[in-house]
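Got a minute to look at a model with me? Have a scroll through the sequence and the fold first.

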Amino acid sequence: MSTDASFRFERGIDPNGVIDALKYAALLCKELAGGKVSMEIKDVYPEKMENAVVDLQYSYVHSLVGKDIPVETIKSICDSLEMKVLSENAEDLKLEVPAYRVDVQRPCDVVEDILRIYGYNNVEIPTQLKSSLVIKGDEDQKHKLANLVSEQLVGAGFNEILNNSLTKGAYYAEEQQAQLVKIMNPLSSDLNVMRGTLLYGGLESVEHNVKRKNPNCRFFEFGNVYSFDPAKENQDDPMQGYKEQYHLGLWLTGKRVEGSWAHANEDTSFAELDAHVDNILARIGVQPGMLVRKKSENAIFSAGLTIENRGGKKLIELGVLTKKLQKKFDIDTPVYYAELNWTALMKVIRKQKVEFTDIPKFPSVSRDLALLIDKSVEFQQIEDIARQTERKFLKKVELFDVYEGDKLPAGKKSYAVNFILQDPEKTMGDKQIEAIMQKLIQNLKNQLNAELR
C-alpha cells in the first residue's frame, strides 16, 4: 500500500533522528492534547549507526565530471550539503556524511551531489572526442550471426517473439525439477522459475495467436536459458552449479500455403522445419559432415531428431510436439519445434569461414541407389557412411523414396537414395565415378548389411 509513511521510509530516514522525533511528538501531545510527560526517554539502540566517511580525491572528481572544478568550489558545495571535512590535503578530502543521507556512501555518490549543485549545464562539451579501438571477439561474432539469421528467418516469413525469462515450474516434468533455477521470492506460481527451455514461452505465444484467429504461426526467438546442476553445487562458489546459455527457438504451426490461386492449401511439416534448420546451419558456416543426426529421445516430441557434433554434444533438437503437450496449451493443430544451442554452435564454427565461391564450371554427376535395408536403419546412417567414404567429391546425399510393403522380406524396407558427385577442377570420368560408387556400395554392405535392389 502506498502511504505517506511508505513514501518516506522507502527513500531512507535518518536512523539517528528518532530521539528528536520522539521529543517533538511528546511536545505536540502536551501542547495540543493536554498530555503530560511522565518518564525519561528509553532508547534501545545497541549498534549505533555511524556517519559514513568518504575519501574524495580531486583527480577522481575531475575525471568523473569531465571538467576541473576549483578545489574551493568543491569544499563549499560539500559544506553546504552538511558534509563535514575531517581532514584535507592537496590531493583529497576526508568527508563525514550525515547519517540521514542514506544515498551517499561512496565517492561517486559525493561527486553526483557536487555536480548536481555545480550544474550540469556548466560542464562544457569538449572540442575533442577520444576513443579506443576494441578487438572483436567471440561475443561480437555470436550477435552478428544472430542478427544475420534473424534477417534470414524474417525473409522466410517468420516473426520474432520475445518472452519472459521467468516461467511456470509446473510446465516441467518431475525429473526436471532439480535442474531448474528457482526464484526465492516468486511473485506468483506462474513466474517461479527461470526458463530451462524456450519452448513453453513460444507455445504461450502460439496459443495466444491461434485463439485470436491467427492460426498460421511462424515464430522464432533468441534468448537465454538457465539450468542448475546439483552435482556441481559448491558452498564456497555458489555460482558454480548454475549455467546460462544462448538459444534459438523455432515454432511452426498451421498452413504453409493458404488461399493461393497458384498453389493448393498445404500444411506445415517436419520437412519444412528441417529445411529452415539446414538453411541456418549453412548460413553460419556449418559444412556437411560436421554434425551427426540421431533419433530424438526427448519426451516432448512424438517424433524428432537430435543433431550433435562429432564429439557427441547435443546442439539441436527438432520434431513434432506430442498431442499431450499441445492439449496442455489448448492447441489443436500440430506444432513443429526446433531449439538450437547457439552458444555451443558458436564453438563448433569458431574456426569456420563463410566464403563465396564461383559456380562450378564443370558438370555434376547424379547416381541413384535402391537399397534394401533393415527397418531399424535410419537415413542418417547412410549419409554418414557416404560422407566418410568420399569426402572430396560427394556434394549432396538425398533420400527421394521409401517403400515398405509385402513384396519385401520381413523386417526390411527400401530406400532410394540420390548421390551428387562433382570435381570443381575437371569433368569426372566414368572410371573415377564407378570406383567411388563401388567403394560406397561395399561400405554400405559391410556396415549396414545393405543390398542393391
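What follows is a quick tour of one acidic residue and the nonpolar cores.

This is a predicted model, where local features need pLDDT of at least 70, side-chain atom pairs count only at pLDDT 80 or more, and totals for chains, interfaces and linings use all residues. Residues are numbered from 1 along each chain as its sequence is written, and side-chain values use heavy atoms, with hydrogens and water left out.

Let's start with Asp113. It sits in helix H5, residues 107-118 (helices are DSSP runs of H or I with at least four residues, strands are E runs of at least two, both numbered from the N terminus). Asp113 is buried, at 5% relative accessible area (buried is under 20%, with a 1.4 Å probe and protein chains only). Its side chain makes a polar contact of 3.1 Å with that of Arg116 (an N or O pair within 3.5 Å, one able to donate a hydrogen and the other to accept it).

Now the cores, meaning sets of buried Ala, Val, Leu, Ile, Met, Phe, Trp, Tyr and Cys residues joined through side-chain atoms within 4.5 Å.

| Core | Residues in core | Including |
|---|---|---|
| Largest | 32 residues | Leu248, Leu250, Ile284, Trp342 |
| Second, separate | 25 residues | Leu371, Val397, Leu421, Ala450 |

Elements giving two or more residues to the largest core include strand E8 (217-228), strand E9 (242-253) and helix H8 (270-284). H8 gives the most, with 5 residues. Leaving aside neighbours within four places in sequence, Ile284 is in contact (heavy atoms within 4.5 Å) with residues including Leu145, Val149 and Trp342.

Methods: Buried means under 20% relative accessible area, exposed over 50%, partly exposed in between (1.4 Å probe, protein chains only).
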